[in-house]
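Please look at the chain below and follow its sheet from one edge to the other. The paragraphs after it go through the strands in turn and then turn to the chain as a whole.

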Amino acid sequence: MSEIKVVTNILQTNDEITAQNKKKLDEKGIYVINLMSSPGSGKTSILEKIISRLKNDIKIAVIEGDIYTTKDAERIEAQGVPVVQINTGGACHLDGDMIKNSLNSLDLENIDLLVIENVGNLVCPAEFEIGEDIKISVLSTTEGNDKPLKYPLMFEKSGAVILNKIDLLPYTNFNKEEFYRDINSLNANAVTFEVSCIKDEGIDNLSSWLKDRVKEKKNS
Ligand SMILES: Nc1nc2c(ncn2[C@@H]2O[C@H](COP(=O)(O)OP(=O)(O)OP(=O)(O)O)[C@@H](O)[C@H]2O)c(=O)[nH]1
Ligand SMILES: [Mg+2]
Ligand SMILES: [Zn+2]
């Protein structure tokens with residue numbers, strides 16, 4: 001038996017489970033985001049900001065993927081929205097089976113927007129569909145503008161790309177022109193946003209775009 005065969009089987013199973021998850025979520029009209037980035041780009045910070053903007057208008061729930069801790073889930077819980085923690089126990093991405101279990105713990109009748117924060121990792125989370133309507137990737141200015149070309153898959157597959165920590169731009173050599181050129185060359189259809197969670201910049205714009213996506217799905 002070659003190892004390649006085993007990997008292929010895992011992926012097929014994931015596709016099957018994910019298709020079941022997606023069907024369930026689509027039936028309820030829930031808009032689902034797979035939020036991805038390398039560790040520390042600001043996924044949870046962005047989520048906290050979005051939740052505080054939108055929680056009175058739409059019903060939000062979160063699935064937090066973390067390798068070991070419940071730190072991010074505690075931050076989301078403090079925002080007063082339902083959150084389910086997945087501890088992957090060492091695994092570096094979320095898969096369909098983990099999401100399937102989490103969905104059983106959520107009241108799907110009362111959710112408009114489900115955000116799944118994937119494990120901080122710029123590589124393999126992008127390889128696994130988990131039932132999302134959109135993949136959103138975050139890059140922060142301190143990581144360097146070369147990352148989209150070095151780790152292209154996540155950026156190629158993302159419907160939206162968020163550049164975070166723009167407050168730190170003056171202290172970095174991040175070249176925005178090159179960043180947008182590279183994103184455009186990888187994925188000309190990606191919607192892009194610039195935000196600073198610390199300075200609360202760009203959050204309104206991002207939140208209202210998200211709200212429109214949620215409405216669009218509800219009406220579809
Ligand atoms: N200066 C600055 N710092 C930020 C910004 N957004 C987040 N941070 C900081 O960056 C660090 C990481 O933020 P998190 O939101 O935990 O990042 P994450 O992507 O959820 O991290 P993991 O879940 O560990 O992958 C924290 O110390 C945040 O306070 C920002 O816009 N500007
Ligand atoms: Mg986080
Ligand atoms: Zn992985």
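Strand 2, residues 60-66, pairs with strand 3 in the parallel sense, and five bridges join the two. Two strands count as paired here if DSSP finds at least two bridges between them. Strands (E, at least two residues) and helices (H or I, at least four) are DSSP runs, numbered from the N terminus. Glu64 has Gln85 of strand 3 as its bridge partner, and Gly65 has Ile86 in strand 3. The connection between these strands includes helix 3 (residues 71-77): strand 2, helix 3 and strand 3 form a right-handed β-α-β unit. Right-handed means that, with the strands pointing away from the viewer, the path from the first strand over the helix to the second runs clockwise.

This is a predicted model, in which local features need pLDDT of at least 70 and side-chain atom pairs count only at pLDDT 80 or more, while totals for chains, interfaces and linings use all residues. Residues are numbered from 1 along each chain as its sequence is written, and chains are lettered from A and ligands numbered from 1 in the order in which they are written.

Strand 2 also pairs with strand 4, again in the parallel sense and over five bridges. Ala61 stands opposite Leu114 of strand 4. Six of the seven residues of strand 2 are buried, so the strand is mostly covered. Buried means that 20 or more other C-beta atoms lie within 10 Å of a residue's own; with 12 or fewer the residue is exposed, and in between it is partly exposed, the C-beta atoms being placed from the backbone.

These pairings belong to an open sheet of seven strands, in the order 3-2-4-1-5-6-7, with parallel pairing. Strand 3 (83-87) and strand 7 (191-194) are at the edges with a single partner strand each, so one side of each has no neighbour in the sheet. From one strand to the next the twist averages 20°. Strands of a sheet pair through backbone hydrogen bonds, either parallel or antiparallel.

Towards the other edge, strand 5 and strand 6 run parallel and are joined by five bridges, with Ser137 opposite Val161 of strand 6. Strand 6 and strand 7 pair in the parallel sense over four bridges. Here Ala160 stands opposite Val191 in strand 7, and Ile162 stands opposite Phe193 in strand 7. Strand 6, helix 7 (residues 176-186) and strand 7 make another unit of the right-handed β-α-β kind.

How many of the five residues of strand 6 are buried? Five of the five are, so strand 6 is largely enclosed by the rest of the structure. Ala160, Ile162 and Asn164 point one way from the strand, while Val161 and Leu163 point the other way.

Leaving aside neighbours within four places in sequence, Ile162 is in contact with Ile46, Ile136, Val138, Phe193, Val195 and Leu206. A contact means that the C-beta atoms of two residues, placed from the backbone, lie within 7 Å. Ile162 is also among the residues with the most contacts inside the largest nonpolar core, together with Val62, Leu114, Val115 and Ile116; this core has 50 residues. Such a core is a set of buried Ala, Val, Leu, Ile, Met, Phe, Trp, Tyr and Cys residues joined through C-beta atoms within 7 Å.

Helix 2 (residues 43-54) lies across strand 1 (31-37), strand 2, strand 4 (113-117), strand 5 (134-140) and strand 6 (160-164), and runs at about 165° to strand 4. Axes are lines fitted to C-alpha atoms, for helices over the stretch in contact, and angles run from 0 to 180 degrees between N-to-C directions.

Away from the core, Asp107 is found in the loop between helix 4 (96-103) and strand 4. Asp107 is exposed, because 9 other C-beta atoms lie within 10 Å.

The chain as a whole has eight helices and seven strands. Of its 220 residues, 39% count as buried. Its C-alpha atoms fill a box of roughly 50 × 45 × 35 Å along the principal axes.
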